[in-house]
Amino acid sequence: MAEQTVLERKRFALVVLLFQVLFVILFALFVEYAEVESSPASTSAKRPNPRLNSIERFYPMFQDVHGMMFIGFGFLMAFLGRYGYSSIGLNFLLGAFVVQWATLVLGFFHQHASYSEQVALSIENMLTADFAAAAVMITFGAVLGKVSALQLLIIAFLEIIFFSVNEMIGISELKVVDIGGSMFVHTFGAYFGLAVSLALASRTRVARKPGSHKEGSVYHSDLFAMIGTIILWLYWPSFNAALGEGDQRHRAVINTYYSLAACVVVTFAVSSLIDKDSKLDIVHIQNATLAGGVAIGNSADFLVEPWGAMLVGSLGAILSVLGYKYIQPFIQRTLKIHDTCGVHNLHGMPGILAAIVAVLATASIDPARYKTSICTVYPAMSPASLPSNASLSEICPDSSDRSQGAQALYQFAALVVTLSVALVGGSITGFIVQLEIFNPLQDSEEELFEDAVLWDMPAVEKNDADQGELLQIEPQAAPDRVESSV
């Protein structure tokens, strides 16, 4: 590694502090507390306020989602044998950074749409900020071990802007629905990350020559990753249902629960079936078991029936396992797109599957079955029937009399827009973060997938099982650090 000046070494810390000062100033100027209504009593007796921002409604599921972001995602990415500090630690930093920036950016867009002077801060804002953080963490998985901490911050900063634009187009303009964020979070984050990774291919030789010996896992790092898997699996129903209400939230929890259960069973089966020795691959178990949560997310609150949710989860498992086994190596070999965590297999393809399922479900399920709850499931569609004493404006204030077929087409259009914004935004971001001012990692084995580039490493004693010796690894600068048996 070339010798760095003091300013170059401190650049990351200075930029982090500068961003935090900026956030404090912007919050002071533009953010205020929202008015909290503790119960629906003060709203219409016929239809409680659907945007009620009470802590009772959002906080229990917010806690689950928050745990997923900071524990689940962090540990899931801790599989790399020499990158555990960074996987968990930088995930922690990114999460804290993004929830502040996303609160501001998403708030500014909503503020503009509602002609408000201030961003009204509620528990719901915190929840949507966590969803935005999930998109960034998915992108982090695609470039894990290949970018510096400063590059990650810039990627996160720019991605939230593109993320907010895409969400505004999809929700405010196209008026599509995606309760579990399969399009706006998973698909967007995955393809944004893949576009960044492709743009960085000229700087990271892992994209040109697969198989860095430090890119693999060790036994204990895979166990840490399984902790992340199980935490994400347990709380995924909350992720998909948190923004719902009433019957909508009820269906989202049930559908996600059974989709995930079926996904686990099918993942184990398919992983064994495609192995020549009929053995299980821990990579499949860590990741593909979660694909059911992504695959059902877009239609989690639809009347797809529990058996339908199980079928979707099963398809997500098959797609994800085959992605890790066959599609990811093909893409890396032919397109030179390196995907460290395989986000294309867990978030990208299952996210597209989710969008397709939503299109088919929207086009095929009789809207009359939703009764007046169709206003929360499809806000732009008018209900097929109304109570005799209610008007359309009271039941569905956002209705635009959109037909069932038109809503299905808008759902598909939102997928196309999401993929376009993600790929274009990720490409732009990838080219920007290559600038030397953002401390890009050097194209060398010593810096890629290596904690010692950023962290003060302790002395590690490790029993070398192959040689029966005790290997002492001293904390040294990254280029001179003794390689472990990965």
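Leaving aside neighbours within four places in sequence, which residues is glutamate 167 in contact with? In this predicted model, the partners are Leu106, His110 and Ser172. Glutamate 167 is found in helix α5, which covers residues 149–173. The residue counts as buried because its relative accessibility is 16%, and the cut-off for burial is under 20%.

The overall composition is as follows. The protein holds 15 helices and 4 strands. Of its 486 residues, 53% are buried. Contacts with a separation of 6 or more were also examined by sequence distance. Residues 24 or more positions apart account for 77% of these contacts. The exposed area of the protein is about 21,100 Å². Carbon and sulfur atoms supply 64% of that area.

One nonpolar patch was located on the surface. Its area is about 600 Å². Trp307, Leu311, Leu315, Ile318, Leu322 and Tyr326 make up the patch. Leucine 311 lies in helix α11, residues 306–334. With 47% relative accessibility, leucine 311 counts as partly exposed.

Helix packing was examined for α4 and α6. Helix α4 spans residues 123–142, and helix α6 spans residues 182–199. Their axes come within 7 Å. The crossing angle is roughly 35 degrees, and α4 passes α6 in a right-handed sense. On the α4 side, the contacting residues are Phe131, Ala134, Ala135, Ile138, Thr139 and Ala142. The α6 side contributes Val185, His186, Gly189, Ala190, Phe192, Gly193, Leu194 and Ser197.

Helix α1 offers a further pairing across the sequence. Glutamine 20 lies in this helix, which runs over residues 6–30. Its relative accessibility is 33%, so glutamine 20 counts as partly exposed. Glutamine 100 is 80 residues away along the chain. The C-alpha atoms of glutamine 20 and glutamine 100 are nevertheless separated by 8.9 Å.

Salt bridges were searched for over the whole structure. Side chains of opposite charge can pair when their charged atoms come close. How many salt bridges does the search find? There are 3. One joins the side chains of glutamate 450 and arginine 82, with an N to O distance of 2.9 Å. This pair links distant parts of the chain, 368 residues apart. Glutamate 450 sits in the loop between α15 and β3. Arginine 82 sits in the loop between α2 (55–76) and α3 (84–114). Are glutamate 450 and arginine 82 buried or exposed? Both residues are buried.

Another bridge joins arginine 369 and glutamate 305. The closest N and O atoms are 2.7 Å apart. Arginine 369 lies in the loop between α12 (343–364) and α13 (374–377), and glutamate 305 in the loop between α10 (291–295) and α11, so the bridge ties together parts 64 residues apart in sequence. Arginine 369 is partly exposed because its relative accessible area is 44%. Glutamate 305 is also partly exposed, at 31%.

The remaining bridge pairs the side chains of aspartate 277 and lysine 276, at 3.2 Å from N to O. Aspartate 277 has a relative accessible area of 47% and is therefore partly exposed. Lysine 276 has 77% relative accessibility and so counts as exposed.

Backbone torsions were considered next. Most residues other than glycine have a negative phi. Serine 278 is not a glycine, yet its phi is positive, at about 60 degrees. Serine 278 is placed in the loop between α8 (246–273) and α9 (282–287). Asparagine 439 likewise has a positive phi, near 55 degrees. Where does asparagine 439 lie? Its place is the loop between α15 (404–432) and β3 (460–464). That loop also holds glutamate 450 of the salt bridge with arginine 82. Asparagine 439 is buried because its relative accessible area is 17%.

Conventions: Residues numbered from 1 in each chain as written. Predicted model: local features only at pLDDT ≥ 70, side-chain atom pairs only at ≥ 80, totals over all residues. Heavy atoms only, no water. Helix = DSSP H or I, 4+ residues; strand = E, 2+ residues; numbered from the N terminus. Buried < 20%, exposed > 50% of the residue type's maximum accessible area, 1.4 Å probe, protein only. Contact = heavy atoms within 4.5 Å. Areas by Shrake-Rupley, 256 points an atom, 1.4 Å probe, with all protein chains shown as cover. Patch = residues over 30% accessible without salt bridge, like charges linked within 9 Å, V, L, I, M, F, W, Y side chains within 5 Å. Salt bridge = Lys/Arg side-chain N within 4 Å of Asp/Glu carboxyl O. Axes fitted to C-alpha atoms, helices over the stretch in contact; angles between N-to-C directions. Left-handed = near helix turned anticlockwise from the far one by under 90°.
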